[in-house]
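This briefing covers surface, core, cysteines and charged pairs, in that order. Please read it with the structure open.

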Amino acid sequence: SIIAACQHCSDAAWALDLFREMVCRMLKPNTSSYNALLAACESATMWEECLCLLLQMEQQKQLPDTISYTSCIRAAARAKQPEMVRELLRQMQQGQVQLDVISCSAAISSKQSGSWGFALDMCRSMRLMALMPNRVTCSSCISACEESECWPWAVKLLEDMSEASMAPELETCNAALSACQGSGWQQALALLDGMLEYGPYP
């Protein structure tokens, strides 16, 4: 079907054409149809098209859900549009759309450049909503700490990952080490010793 083709299409432009054809045939798209197209646009980092589709959903009385917003957040994050990510989060809260781990992780990844405070606030909010940060969430937070050289929080997050049995990847450990450069050099040595003993091997 046209909807299935949109959902699995790797060519966002083709997916959009199929979607327009569906509308021309007087077939009213539902939320699942829009989400399939949003996913295709997200893969192509077509964040502006995602926003247009989100607005169109509201105009057509098809309420965007968590999946809809998550696709938009991911697309905006990949396009390095942090303010738009913040606006989408605001819209989710205003519309009482439930945040999930994936949407929160995507939002954090958009704010890595010098915004460790935002990343940590998101982690706190997740815990208040009973959402458990996963490996992607923690890694994104550590990367945000790296940008700001906020080594105490980077180390704390790395410890939290170990306590939650989430083995950090080498890239995450390297980000924590980088955050420790300067005043956190002693902690960097301790982290390096831990990597040599428990992995991942530097």
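L196 lies in helix 12, which spans residues 185-198. In this predicted model, L196 has a relative accessible area of 44% and is therefore partly exposed. The points below start from that residue and go on to the core, the cysteines and the salt bridges.

**Surface patch**
- L196 belongs to a nonpolar patch on the surface, together with L192 and Y201.
- The accessible area of these three residues together is about 310 Å².

**Nonpolar core**
- The largest nonpolar core is made up of 59 residues.
- Within this core, the residues with the most contacts are I73, L89 and I142.
- Leaving aside neighbours within four places in sequence, I142 touches A154, L157, L158 and M161, and also T172, A175 and A176.

**Cysteines**
- How many disulfides does a search of the whole structure find? The search returns 0.
- C150 takes part in no disulfide, and the nearest cysteine sulfur, which belongs to C145, is 4.8 Å away. A disulfide requires sulfur atoms within 2.5 Å, so the 4.8 Å between the sulfurs of C150 and C145 does not qualify.
- C173 is likewise in no disulfide; its nearest cysteine sulfur is that of C180, at 11 Å.
- C150 is buried, since its relative accessible area is 11% and the limit for buried is under 20%.
- C173 also counts as buried, at 4% relative accessibility.

**Salt bridge between helices 3 and 5**
- The count of salt bridges in the model is 7.
- In one of them, the side chains of R78 and E42 meet with an N to O distance of 3.6 Å.
- This pair links distant parts of the chain, 36 residues apart: R78 sits in helix 5 (residues 66-78) and E42 in helix 3 (residues 31-43).
- Are the two partners buried or exposed? E42 is buried, with a relative accessible area of 6%, whereas R78 is partly exposed at 46%.

**Salt bridges of D160**
- D160 and R127 form a salt bridge through their side chains, at 4.0 Å from N to O.
- The two residues are 33 apart and connect distant parts of the chain, with D160 in helix 10 (residues 151-163) and R127 in helix 8 (residues 116-128).
- D160 counts as buried at 18% relative accessibility, while R127 counts as partly exposed at 47%.
- D160 also forms a salt bridge with K156, where the closest N and O atoms are 2.9 Å apart.
- What separates K156 and D160 along helix 10? They are 4 residues apart in that helix, so about one helical turn lies between them.
- K156 is partly exposed, having a relative accessible area of 38%.

**Network**
- Side chains of opposite charge can pair when their charged atoms come close.
- E42, R74 and R78 are joined into one network by salt bridges that share partners.
- The network thus includes both residues of the pair that links helix 5 and helix 3.

Methods:
Residues numbered from 1 in each chain as written. Predicted model: local features only at pLDDT ≥ 70, side-chain atom pairs only at ≥ 80, totals over all residues. Heavy atoms only, no water. Patch = residues over 30% accessible without salt bridge, like charges linked within 9 Å, V, L, I, M, F, W, Y side chains within 5 Å. Areas by Shrake-Rupley, 256 points an atom, 1.4 Å probe, with all protein chains shown as cover. Buried < 20%, exposed > 50% of the residue type's maximum accessible area, 1.4 Å probe, protein only. Core = buried A, V, L, I, M, F, W, Y, C linked by side-chain atoms within 4.5 Å. Contact = heavy atoms within 4.5 Å.
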